[in-house]
Amino acid sequence: MILKPKLGWRFFIFQCGTTAGLLTAHITRISVAWWCLEETESAAVFSMIISISIGFEIYLSPFLSSFGDHFPRLKLICLSQWAISSLSVMILIMNYFDIFNIYMLTVLLILTSVFVCLRDPTIVGTIPDLVVKKEVSNAITRRSQINSIYIFLGPMIAAFMTSYLGITTTLLTALFFSILSSVFYSLLINLKKNNLLNTQDSIREEFEWLKKTKSGFIAIIKVKSELYISVIASIVNFNMYPFFSIIIPYWINQVLELPVSYLGLFEGAFGLGLISGSSYFIKISNEYFGRFYTVIIGFLLLGLSIIFIITVSYHYLILFFAFSCGVAFMLININMNTLRVSATPHTFRVRMSAIASFLSRAFNPIGVFLSGLGITYLGVQNVVITSGVVIIMVVPFIVFSSNVRSALLLSDQEMDGFYEKKYPAAFKS
């Protein structure tokens with residue numbers, strides 16, 4: 001008897017493709033960053049290139065998401081991944097022949113971000129198409145668990161390869177994983193050609209990009225629970241993105257005066273928290289407390305953990321609270337994502353996911369800028385404590401918001417198609 005994956009072969013092959021694509025992103029980003037630093041010896045130039053690429057990825061996402069709700073999703077994902085592979089070939093050729101052109105490299109990274117904007121929201125919207133309805137929550141949890149492992153391991157693998165094998169070999173490895181991802185998606189398309197949602201019938205309708213994009217924004221505005229959740233996520237990201245990217249490196253280097261290895265331990269502890277949260281704590285907490293109270297626990301744990309990180313004086317205890325932050329992230333994110341992809345009609349699923357992601361990340365650059373000013377004029381400890389208090393203050397908003405509370409209290413069965421039933425006027429494309 002052939003061993004069958006718990007969530008089916010379709011989801012297994014799909015997750016193999018997304019995992020390989022995720023490894024591609026980590027390896028490419030670190031190797032290109034190292035290449036830029038070697039050639040220019042300027043952190044400013046490096047940060048400018050990466051920030052432009054990330055900026056395109058954040059701000060283009062909601063405007064390209066309508067493609068995933070119109071064209072066949074797996075085909076769109078597959079074509080995007082093959083395009084990313086082609087761009088990886090160009091970057092590899094530039095490095096191999098020692099052609100370092102800052103403008104050309106920036107353009108290639110921007111184009112990669114464009115195809116990532118087409119691919120990633122569509123990936124989220126495709127999950128319910130690959131498993132039975134009762135397994136959607138388990139599929140999202142499994143995806144978060146696997147992705148957490150590679151978020152934890154990916155940068156370490158990439159850094160090791162870049163240091164010991166060289167940039168060219170590392171870029172070649174990134175290309176290999178990108179092509180592997182493309183092959184998995186191609187295999188999945190050929191495996192179930194006759195069982196895909198969004199088939200050719202949907203393409204016969206004229207694709208009105210502006211109308212579909214506008215309807216996506218209208219939908220998330222009218223679906224009050226999703227709009228409020230996006231606002232909550234933007235508050236959290238506004239505080240947490242600079243916390244990990246700016247505040248913690250500065251604090252460890254300038255305040256604690258510890259070596260960079262401790263930063264690695266801190267990020268490793270956070271990564272282990274992500275893995276543990278997605279593989280164990282989310283299941284236990286949802287089973288005993290339910291989805292709504294698990295989200296509440298997640299926000300309280302997150303806010304308190306970042307306050308304790310900056311106030312305790314024992315270095316190993318700091319790592320424990322970094323681990324707690326990772327667990328808290330999973331308690332919040334998995335439940336929020338499960339609600340979104342389960343409750344949204346499949347014809348709007350990609351747009352809702354992309355626009356919600358955009359709204360939650362839109363103020364990240366401002367958060368980074370203000371965190372730098374805050375550290376300068378208020379001190380790092382005051383900035384972090386303020387961030388923790390703000391996150392804890394989100395809890396009363398969730399508790400007293402009838403829209404958010406009622407949505408998170410739904411069972412998996414009640415959640416299926418809930419938004420279309422409660423907000424029918426929101427989904428008139």
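In this predicted model, Leu302 has a relative accessible area of 0% and therefore counts as buried, the cut-off for that class being under 20%. Leu302 is placed in helix H10, a helix that spans residues 260-311. When residues up to four places away in sequence are not counted, Leu302 touches Val236, Met240, Cys325, Ala328, Phe329, Ile332 and Ile391. The C-alpha atoms of Leu302 and Ser324 are 7.1 Å apart in space, while the two residues are 22 residues apart in sequence.

Helix H10 also takes part in the aromatic pairing of the model, for which the count comes to 17 aromatic pairs. One of these is formed by Phe308 and Phe321, whose rings are tilted with respect to each other, at 5.1 Å centre to centre and with 35° between the planes. Because Phe308 lies in helix H10 and Phe321 in helix H11 (residues 315-343), this pair ties together parts that are 13 residues apart in sequence. The two partners are also described by their accessibility: Phe308 is partly exposed, with a relative accessible area of 36%, whereas Phe321 counts as buried at 13% relative accessibility. Ring pairs further link Phe308, Phe320 and Phe321 into a cluster. Another of the aromatic pairs is made by Phe176 and Phe177, which are arranged edge-to-face, with 5.5 Å from centre to centre and 65° between the planes. A ring is also involved in an arrangement with a charged group, in that the charged end of Arg351 sits over the ring of Phe348, at 4.1 Å from its centre.

On the surface, a nonpolar patch is formed by Tyr280, Phe281, Ile284, Tyr288, Phe289, Tyr293, Ile297 and Leu409, which together have about 840 Å² of accessible area. Among these residues, Tyr288 is located in helix H10, and with 62% relative accessibility Tyr288 counts as exposed. Helix H10 thus holds both Leu302, which is buried at 0% relative accessibility, and the exposed Tyr288.

With regard to charged side chains, the count comes to 3 salt bridges. In one of them, Arg73 is joined to Asp129, and the closest N and O atoms are 3.0 Å apart. This pair links distant parts of the chain, with Arg73 in helix H3 (residues 73-96) and Asp129 in helix H4 (residues 102-130), the two being 56 residues apart. Both Arg73 and Asp129 are buried. A further salt bridge is formed by the side chains of Glu226 and Arg340, at 2.6 Å from N to O. Since Glu226 lies in helix H9 (residues 224-255) and Arg340 in helix H11, the pair ties together parts that are 114 residues apart in sequence. Glu226 and Arg340 are both buried as well. In the salt bridge between Arg119 and Asp120, the closest N and O atoms are 2.8 Å apart; here Arg119 counts as buried at 8% relative accessibility, while Asp120, at 28%, counts as partly exposed.

The surroundings of Arg73 can be followed further through Thr126, a residue found in helix H4. Thr126 is buried, with a relative accessible area of 2%, and, leaving aside its neighbours within four places in sequence, Thr126 is in contact with Phe14, Arg73, Leu74 and Ile77. Between helices H3 and H4, the loop contains Asp98, which counts as exposed at 57% relative accessibility. Most residues other than glycine have a negative phi. Asp98, although it is not a glycine, has a positive phi of about 55°.

A further buried position is provided by Ile49, which lies in helix H2 (residues 43-64) and has a relative accessibility of 1%. Not counting residues up to four places away in sequence, Ile49 touches Cys36, Ile102, Thr106 and Leu109. With respect to Pro121, by contrast, Ile49 is 72 residues apart in sequence and 23 Å apart in space, C-alpha to C-alpha.

Note on methods: Residues numbered from 1 in each chain as written. Predicted model: local features only at pLDDT ≥ 70, side-chain atom pairs only at ≥ 80, totals over all residues. Heavy atoms only, no water. Phe/Tyr/Trp six-rings, centres within 6.5 Å; stacked < 30°, edge-to-face > 60°. Helix = DSSP H or I, 4+ residues; strand = E, 2+ residues; numbered from the N terminus. Buried < 20%, exposed > 50% of the residue type's maximum accessible area, 1.4 Å probe, protein only. Lys NZ or Arg CZ within 6 Å of the ring centre and 35° of its normal. Patch = residues over 30% accessible without salt bridge, like charges linked within 9 Å, V, L, I, M, F, W, Y side chains within 5 Å. Areas by Shrake-Rupley, 256 points an atom, 1.4 Å probe, with all protein chains shown as cover. Salt bridge = Lys/Arg side-chain N within 4 Å of Asp/Glu carboxyl O. Contact = heavy atoms within 4.5 Å.
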